[in-house]
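Visitor: I should like to examine this structure with you and to ask, for each description, on what grounds it rests.
Guide: Certainly; let us look at it together.

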Amino acid sequence: MTVEDLLTMRTGHASMTSGSAWRPIKTSWVAEFFKIPVVYQPGTKWVYTSAATYLLSAIVTKTTGETVADYLKPRVFDPLGISGYEWPVGPEGISPGANGLSWRTVDCLKLGILHAQNGMWDGMQVLPADWVAAVQQPHVKDIYGYQWWIGPETFYADGLFDQLSFVFPRHNAVLAITAGIPQRSGFNKLVFRHFPAMFAGAAANNDADADKLKARTAALQLLPVLVPASSPVAAQISGKTWHMPDNADAIKSINLSFADKTCTFTLEDGRGTHRIEVGLDAPREGNTTMTGNKLHHEYQPDVMRVVASGTWRDLRTFVMTWTFVESAFRDTVTCTFEGPQMRFARSVNVNSLALDMPTLMGKLA
C-alpha cells in the first residue's frame with residue numbers, strides 16, 4: 001500500500017471506516033488501521049474511508065515530529081492569515097487528519113482561493129503548482145483526485161454534513177459553505193447545476209433577479225423563530241431534580257430552574273455536571289460542557305459554544321433548541337412533565353447514525 005493509494009482512497013479495504021468509529025477508542029489508531037483486512041490489491045479498488053487520511057496524518061507526524069496542524073501553520077495557515085482554528089489530536093498525539101478541524105468559513109474560502117490561484121497567495125508560491133494540478137486530476141473514475149472530489153467544472157473539498165470549498169477554475173470562482181445538511185441530500189448537485197450558471201448568459205446580468213436574491217438572503221436567519229410561551233407548571237417544577245434509570249448515555253439526573261427570562265438546564269452524567277442557560281424571551285449564547293457524544297458523530301469536546309432557547313409547547317411540554325454554533329449540530333430537547341415523572345427526549349438535525357436518543361422517564365428525587 002503506497003502513499004498514493006492512501007491519497008486516492010484505494011487502500012484495498014472492503015468498506016469505509018468513519019471517524020466516529022475510532023473517536024471513542026483511547027488506544028493507538030495506527031494499530032486500528034492495521035487491523036482492517038486488506039481484501040483487494042491496494043491501488044485497484046476505490047472505497048472512501050477516513051482511515052486512509054488518518055494514516056497520511058500519522059505518516060506526516062512520524063516523518064516530521066509535528067502534528068499536521070503544527071506542520072501547516074508556518075507553511076500554509078500563517079501565509080493565508082488563518083488563525084483561531086482548533087484541531088484536537090487523538091491517541092499518540094496524531095491529528096485525525098480526515099476530520100475534527102474547526103475553522104471559520106472564510107478560512108475554507110481561502111483554501112479554495114489558494115487552489116484556484118495554482119498555489120499562489122499574495123505573490124508567494126505557498127503550494128507547488130504541480131501539486132495543485134495533481135489534486136484535481138480524476139485519479140479515480142472521474143470522481144476523486146488527491147483528497148479532493150471531482151465534479152462538473154469543479155473540484156472540491158467536502159466535509160461531512162457539508163463543510164465545503166468548491167473551486168471552479170474556468171470561472172475563476174470559489175464557493176465556501178459551512179452547513180448542517182443531512183447526508184445524501186443531493187445538495188452538491190444543486191451547486192453543480194446553479195452556481196456555474198450564474199456566470200453565463202442573461203442570468204449573469206439580470207439586475208431584477210439579483211435584487212430578488214439580495215432580498216431573500218437578507219431575510220434568512222440561522223436560528224428557528226422563538227415564540228415565547230409560559231406555563232404554571234414552570235413554577236411547580238423549578239429547582240426540582242429527576243433521577244434517570246440506567247441508560248446507555250449514563251445520564252443520572254436532570255434539573256430545570258426557571259427565572260423570569262431564563263431556564264438553567266442541568267444534567268449530570270458519567271462525565272460530570274453540565275449546564276446550559278436557556279433563553280425564554282430570546283436565545284442565550286454561552287459555553288457548555290454538555291455532551292454531544294453519540295448524537296454528534298461521536299464528537300465530545302470539553303467545551304462547546306451553544307445558543308439555547310426554550311418555550312412551552314403546551315402546559316406540560318417544555319421544548320428547547322440547543323444550537324452548537326461552532327459545529328453542524330442543533331439539538332431539540334423535549335421535557336414532558338407527568339405528575340412525579342418527566343419524559344426526556346433529545347434529537348439532532350444531522351448525524352452519521354441515530355438522530356434520536358432513547359427517550360428516558362425520570363422520577364422526582
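Guide: This is a predicted model. We may begin at helix H8, where Lys189 and Arg193 are exposed on one side, the side opposite its buried residues.

Visitor: What makes a residue such as Lys189 or Arg193 count as exposed?
Guide: The term requires over 50% relative accessible area, and both Lys189 and Arg193 are classed as exposed.

Visitor: Which residues of H8 are buried?
Guide: In H8, which covers residues 187-194, they are Asn188, Val191 and Phe192.

Visitor: How do you know that these buried residues are on the same side of H8?
Guide: They cover an arc of only 100° around the axis, and therefore they lie on the same side of H8. An α-helix has 3.6 residues a turn, so residues three or four places apart point the same way.

Visitor: What do the buried residues of H8 pack against?
Guide: They pack against four strands: S3 (149-151), S4 (154-159), S5 (163-168) and S6 (173-178).

Visitor: Why is asparagine 188 called buried?
Guide: Its relative accessibility is 13%. Buried means under 20%, so asparagine 188 meets the criterion.

Visitor: Which residues is asparagine 188 in contact with, leaving aside its neighbours within four places in sequence?
Guide: The contacts of asparagine 188 are Tyr156, Asp158, Asp162, Leu164 and Phe166. Asparagine 188 and phenylalanine 166 are 22 residues apart along the chain, and their C-alpha atoms are separated by 9.6 Å. A contact is judged on heavy atoms within 4.5 Å, so the C-alpha separation is not the distance that decides it.

Visitor: How many disulfides does the structure hold?
Guide: It holds 0.

Visitor: Why is cysteine 335 not bonded to cysteine 263?
Guide: The sulfur of cysteine 335 has its closest cysteine sulfur in cysteine 263, at 8.0 Å. A disulfide needs the two sulfur atoms within 2.5 Å, so this pair is too far apart for a bond.

Visitor: Why are cysteine 335 and cysteine 108 called buried?
Guide: Cysteine 335 has a relative accessible area of 0%, and cysteine 108 has a relative accessibility of 8%. Each value is under 20%, so both cysteines count as buried.

Visitor: What portion of the chain counts as buried?
Guide: Of its 365 residues, 44% do. The chain contains 10 helices and 16 strands, and its C-alpha trace spans about 70 × 60 × 35 Å along the principal axes.

Definitions and conventions:
Residues are numbered from 1 along each chain as its sequence is written. This is a predicted model: local features need pLDDT of at least 70, side-chain atom pairs count only at pLDDT 80 or more; totals for chains, interfaces and linings use all residues. Side-chain values use heavy atoms; hydrogens and water are left out. Helices (H or I, at least four residues) and strands (E, at least two) are DSSP runs, numbered from the N terminus. Buried means under 20% relative accessible area, exposed over 50%, partly exposed in between (1.4 Å probe, protein chains only). The arc is that of the directions from the helix axis to the C-beta atoms.
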